[in-house]
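Open the model in your viewer and have the selection tool ready. The tour goes from one selection to the next.

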Amino acid sequence: MNRSGSSSVTERKPAVNPPLWLLAELTYRCPLQCPYCSNPLDFAQQDKELTTEQWIDVFRQARAMGSVQIGFSGGEPLVRKDLPELIAAARNLGFYTNLITSGIGLTEKKIDSFAEAGLDHIQISFQASDETLNAALAGSEKAFRQKLEMARAVKAHGYPMVLNFVLHRHNIDQIDRIIELCIELEADDVELATCQFYGWAQLNREGLLPTREQIERAEQVVKQYRERMAESGSLTNLLFVTPDYYEERPKGCMGGWGAIFLSVTPEGTALPCHSARQLPVTFPSVLEHDLQHIWYDSFGFNRYRGFDWMPEPCRSCDEKEKDFGGCRCQAFMLTGNADNADPVCAKSPHHGKIIAAREAANCTQMQISQLQFRNRVNSQLIFKANA
């Protein structure tokens, strides 16, 4: 097969701009067992990973197309021993470089090596505001202390303090303590993102989706802290993302299908978003095609671009240029057909599935111990020890 596989420029859609953001999912390996992980359920069978040279070739192609930011993600990207080399290669190409990490496996020596390689930005994720709940969710008793230590080390090395918390029914009620922890750590940017239901999170949706009352309380707490922040100048940016399930209109997923964002999985599959691998759509591999062809000409990246693919009610909706029909992955998971209007939308004929999910969340008594973890045995032992 011709590696480029690309068609002539004149055949391309003129409205397609180059990708601005490249997400390099370096590995599915991770020392934690979070029950809301968005990685594929069969991650243990996904053991093939691009080599250092193959990744650098991907970076080179993406930069030549116009990409300006790169995120190193996983799994846990720190398990890749070549991470400093990958960072240096991306930085030398002119990328703004981001490391998205749990902090597990991070050391001050590694932070030094990353800084020397030219890393611009480090984001550390937490599971909760206290050691016990963090351990029950992450499957590691030492994780919380390690995260605190490394968050302080990142700050001491001159990086902006960027923290991420995935919120769900088991930790959202401690949102005030989470924000206080962020203030204590002198965070500059904080993302409080309620769980998006892909991968393991979808498997555990009934036990993770917060109730409407929990969401409303969290919104009030965030509002109060934002008012305090405006006066004190602490926490430059506090972002709170509500779950789609409590919206009446879908979010403009990824800024539109194949519009801004290009993700490459550990084994080299190129995707328009990191969750799209679950769709019944054939996506190309960077080992078989160049990124120019993948982005502009491949079937997978053109499948849901623009508006021609849309059925009703999306096709005639006056908001389609804002939400692009919503999330294709969500439509597929909830209706079995990725072409359908996102059930989050009140106009969707499948909106009843969202209402049913809300009602189930309000009724469930599911505990953390009943969730399905990436490594259930280790997680359950830790949960019982800290109960």
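**Two cysteines, then a strand**

This is a predicted model. Begin by selecting Cys 327, which counts as buried because its relative accessibility is 3%, under the 20% cut-off.

Now add Cys 253 to the selection. Is this residue buried, partly exposed or exposed? Cys 253 has a relative accessibility of 22%, so it counts as partly exposed.

Keep both cysteines on screen and look at their sulfur atoms. How far is the sulfur of Cys 327 from the closest cysteine sulfur? The distance is 4.1 Å, and the partner is Cys 253. Starting from Cys 253, the closest cysteine sulfur is that of Cys 327. A disulfide needs the two sulfurs within 2.5 Å, so at 4.1 Å this pair is too far apart for a bond. The structure as a whole holds 0 disulfides.

Clear the selection and pick strand E1, residues 21-25. Of its 5 residues, 4 are buried, which means that E1 is largely enclosed by the rest of the structure.

Next, show what pairs with E1. Select strand E2, residues 69-73: E1 and E2 run parallel and are joined by 5 bridges. To find a matching position, pick Trp 21 in the viewer; Gln 69 in E2 stands opposite Trp 21.

Then select strand E8, residues 261-264. Which way does E8 pair with E1, and over how many bridges? The pairing is parallel, over 4 bridges. Here the position to pick is Leu 22, with Leu 262 of E8 opposite.

Finish by showing E1, E2 and E8 together: E1 pairs with E2 and also with E8.

Technical notes
Residues are numbered from 1 along each chain as its sequence is written. This is a predicted model: local features need pLDDT of at least 70, side-chain atom pairs count only at pLDDT 80 or more; totals for chains, interfaces and linings use all residues. Side-chain values use heavy atoms; hydrogens and water are left out. Buried means under 20% relative accessible area, exposed over 50%, partly exposed in between (1.4 Å probe, protein chains only). Helices (H or I, at least four residues) and strands (E, at least two) are DSSP runs, numbered from the N terminus. Two strands pair if DSSP finds at least two bridges between them.
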